[in-house]
Amino acid sequence: DIVDLRAQAGKTYLWDPEFAHWKIVAGPDGLALQIILGGNLHFGVLQKNGFASLAYQYSSLPMGGAGTITQGVFHFDGAKWIADASHNRKFSEADWKKNPHLHRLLDIDGDGVCELIDAFDKVYEHVPGKGWQRLPFDVPLKVGARFVDLDGDGKLDLVCANDVEYSVHLF
């Protein structure tokens, strides 16, 4: 399947193997310009049903004033993208560290649902209707960090190695 955000009205192309053609459905909308202007987005699975979700954030930098950060999540339900109101937030750049900074979606614990690892090493889980909820542990991300299941328990462990230091963290 393909998600095309180039147009103002986004499109999703779903492959239909029965009829061997692409089915086109709408959305998610309104992200193309924000991505071009330096916003970011990440796809992952945030729903127990296994359908894709798209988490995004972008900045607005008004002339002569403080900027704002906008974040949100869209969930795909198999036919269309739905904005998740519990993830919609807008805040001042001054409040950056008080909110999750979208960095990576990754299923750390092997339950089939991704967690959010933010740029400040904090880990959050998606809770339906409540948005991102902080988990009681951090992930020490460093240059050269990689996630891999070292001990075969189905949970991703963290390996860091660079010119200065190395470490292994089992989950």
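I take strands as DSSP runs of E, at least two residues each, numbered from the N terminus. With that in hand I looked up C114, which sits in the loop between β9 (102-106) and β10 (115-118). The model is a predicted one.

Confidence. I read a mean pLDDT of 84 for the chain, with 92% of its residues at 70 or more. Among the elements, I found the lowest mean pLDDT, 70, in helix α1 (residues 32-36). Strand β11 (residues 122-127) has the highest, 93.

C114. I asked whether C114 is buried or exposed. C114 has a relative accessible area of 11%, so I entered this residue as buried. Setting aside neighbours within four places in sequence, I listed the contacts of C114 as G44, V45, L46, L105, L106 and D107. I also checked C114 against P128: the two are 14 residues apart in sequence, and their C-alpha atoms are 13 Å apart in space.

Cavity. I then searched for enclosed space and counted one cavity of 30 Å³ or more. The largest cavity holds about 50 Å³ of space. I noted its lining as A55, Y56, Q71, G72, V73, H87, P100, L102, L116 and W132. Two elements, β5 (52-60) and β6 (68-76), give two or more residues each to this lining. Which element supplies the largest share of the lining? I found that β6 does, with three residues. By residue class, I recorded seven nonpolar and three polar residues in the lining of the largest cavity, and no charged ones.

Conventions:
Residues numbered from 1 in each chain as written. Predicted model: local features only at pLDDT ≥ 70, side-chain atom pairs only at ≥ 80, totals over all residues. Heavy atoms only, no water. 1 Å grid on protein atoms, 1.4 Å probe; cavity = no way out; pocket = protein on both sides within 12 Å on 5 of 7 lines; lining within 4 Å. Points joined across faces, edges and corners; volume = space filled by probe spheres on them. Helix = DSSP H or I, 4+ residues; strand = E, 2+ residues; numbered from the N terminus. Nonpolar A, V, L, I, M, F, W, Y, C, P; charged D, E, K, R; others polar. pLDDT = per-residue confidence, 0-100. Buried < 20%, exposed > 50% of the residue type's maximum accessible area, 1.4 Å probe, protein only. Contact = heavy atoms within 4.5 Å.
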